[in-house]
Amino acid sequence: MNVLLPRVERFVEWLMGLALAIMVVLVFGNVVLRYGFNSGIAWAEEVSRLMFVWLIFLGAILALRQHAHLGVEMVQAKLPVRARRACAIVSHLLMLYGLWLFLSGSWTQTVIGLNTYSTVLRYPTAFMASAGLVCAASMMLIVAVNLWRIVRRDPRAMVPGDPRHAAPIAAEGVSE
């Protein structure tokens, strides 16, 4: 598992880079064609939109996995350890509920998208909605694993406000 997760993260980062590269080439190419030659590629906008949606959702998964989402931990950092753990458990349960709602809605949109097609390329719009499915399912797994670690008091658990996980503050130019 210690070898698999970094490889999966690298693969997702590679997919994100590929999606970004495709977007840049298509959008830039379309701008040049429109302004320089008064024409354009009709399908470039659809592909760029699809790549953008997948890029955002894959990035959200990686950000959650790497604990890089924005959070305000000032209040939690002031709490005693037991209250901090209780707060983390409640917040993780609320996140799981929110992700369940997201998963359920994404499933509904994916099913609807199986019979709805994009305007130019005619691909099923389920491709777009399925990004939400992948995102919600992956995030539920990540949050559930961390919740399990918090409940078991596993040292790998990420408890917001815990000084062990606080980002080190760089003291530039400070000498002792």
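Is Ile-41 buried, exposed or partly exposed? I looked this up before anything else. Ile-41 comes out as partly exposed, at 25% relative accessibility. My cut-offs: buried is under 20% relative accessible area, exposed is over 50%, and partly exposed is in between, with a 1.4 Å probe and protein chains only.

**Ground rules.** I'm working on a predicted model, where local features need pLDDT of at least 70 and side-chain atom pairs count only at pLDDT 80 or more, while totals for chains, interfaces and linings use all residues. Residues are numbered from 1 along each chain as its sequence is written, and side-chain values use heavy atoms, with hydrogens and water left out.

**The loop between H1 and H2.** I found Ile-41 in this loop. For helices I go by DSSP runs of H or I with at least four residues (strands are E runs of at least two), numbered from the N terminus. Setting aside residues up to four places away in sequence, Ile-41 touches Asn-30 and Leu-33; contact here means heavy atoms within 4.5 Å. I also took the distance from Ile-41 to Ala-88: their C-alpha atoms are 49 Å apart, with the two positions 47 residues apart along the chain.

Asn-38 sits in the same loop, between H1 and H2. Its phi is positive, near 55 degrees, and it isn't a glycine. I noted that because most residues other than glycine have a negative phi. Asn-38 is exposed, at 73% relative accessible area.

**H2 against H5.** I describe two packed helices by the angle between their axes and the distance between the axes. Helix H2 (residues 44-65) and helix H5 (residues 126-152) pack at about 0 degrees, and their axes are 9 Å apart. The axes are lines fitted to C-alpha atoms, for helices over the stretch in contact, and angles run from 0 to 180 degrees between N-to-C directions. So H2 and H5 are roughly parallel. That label covers angles under 35 degrees; over 145 is roughly antiparallel, 65 to 115 roughly perpendicular, and the rest oblique.

Among the residues making this contact I listed Trp-54, Phe-57 and Ile-61 of H2, and Val-134, Ser-138 and Met-139 of H5. Ile-61 touches Val-134, Cys-135, Ser-138, Met-139 and Ile-142, not counting residues up to four places away in sequence.

**The core.** Which residues have the most contacts inside the largest nonpolar core? They are Met-16, Met-51, Ile-61 and Met-139, in a core of 27 residues. Such a core is a set of buried Ala, Val, Leu, Ile, Met, Phe, Trp, Tyr and Cys residues joined through side-chain atoms within 4.5 Å. H1 (4-37), H2, H4 (81-113) and H5 each supply at least two of its residues. H2 gives the largest share, ten residues.

**Two stops on H4.** Thr-110 is in helix H4 and is buried, at 10% relative accessible area. Leaving out neighbours within four places in sequence, I see Thr-110 in contact with Ala-126, Ala-129, Ser-130 and Leu-133. Trp-107 is in H4 as well, but Trp-107 is exposed, at 53%. Its C-alpha is 8.2 Å from that of Gly-132, 25 residues away along the chain.

**Past the end of H5.** Arg-153 follows H5. Its phi is positive too, near 60 degrees, in a residue other than glycine. I have Arg-153 down as exposed, at 58% relative accessible area.
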